[in-house]
Amino acid sequence: MPEVDEVFMKGMKDNPTSKSITIYPPSFINHPEIVVTDAKRIKLAFEESGYFKSVNLGDKEDEIYALVFYSRKADTGNGPLIAGLTFGIIPGIGNDKISTEITFRNNETGKAKAYTRESEIKIYMGWIFLPLWPFFPETPELKKIVQQQVNSILKEAKVDGVI
């Protein structure tokens, strides 16, 4: 995952825009709890960037509108297969791909552009890893990845003059 320039992000926080942004996170997942959790995680990433006056979820349009597609694809390779077939007795390692695609539209200037970022995380599976589970929660790591992806996209969109 490309590192976002910390000085640039601090500059965005120190010089926030007076514009509001509306985020519309459509989802292909039918489970409402997961959809709400993902939408909150994305909204939090935009809020923590500190650049926008307000961040809203929904389909109401502010000065800037962002259509966000967030996906997480599980690995179907040999690691999960072996761990699954042996009921976790033989451990396996899988990879999840996390992808964030954001399409910005500036309603004042009419500019629109799409940006995509992908990251990969390792998932350790098997009974041997269960005692470590409480010490390595998934949520903070996902939050960090989404924050990094959103910051990277915001930096590029700012440089392109879309936001």
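**A nonpolar surface patch and the packing of α1 against α4**

In this predicted model, Ile82, Phe87, Ile89, Ile90, Trp127, Leu130 and Trp133 form a nonpolar patch on the surface, with about 850 Å² of accessible area together (Shrake-Rupley method with a 1.4 Å probe, only the protein chains shown counting as cover for residues; patch members have over 30% relative accessible area and no salt bridge, nonpolar side chains being joined within 5 Å; a salt bridge is a side-chain nitrogen of Lys or Arg within 4 Å of a carboxyl oxygen of Asp or Glu). Within this patch, Leu130 belongs to the loop between β5 (112-125) and α4 (138-160), and Leu130 counts as partly exposed because its relative accessibility is 36% (buried is under 20%, exposed over 50%, partly exposed in between).

Along the sequence, the chain follows the pattern α-β-α-β-β-α-β-β-α, and its secondary structure comprises 4 helices and 5 strands (DSSP runs of H or I with at least four residues, or of E with at least two). The axes of α1 (residues 6-14) and α4 come within 11 Å and cross at roughly 75° (lines fitted to C-alpha atoms over the stretch in contact, angles running from 0 to 180 degrees between N-to-C directions), so α1 is roughly perpendicular to α4 (65 to 115 degrees). Phe8, Met9 and Met12 of α1 and Asn151, Leu154, Lys155, Lys158 and Val159 of α4 make the contact (heavy atoms within 4.5 Å).

Of the 163 residues of the chain, 35% count as buried.

Residues are numbered from 1 along each chain as its sequence is written. Local features need pLDDT of at least 70 and side-chain atom pairs count only at pLDDT 80 or more, whereas totals for chains, interfaces and linings use all residues, and side-chain values use heavy atoms, with hydrogens and water left out.

Notes: Patch = residues over 30% accessible without salt bridge, like charges linked within 9 Å, V, L, I, M, F, W, Y side chains within 5 Å. Buried < 20%, exposed > 50% of the residue type's maximum accessible area, 1.4 Å probe, protein only. Parallel < 35°, antiparallel > 145°, perpendicular 65-115°, else oblique.
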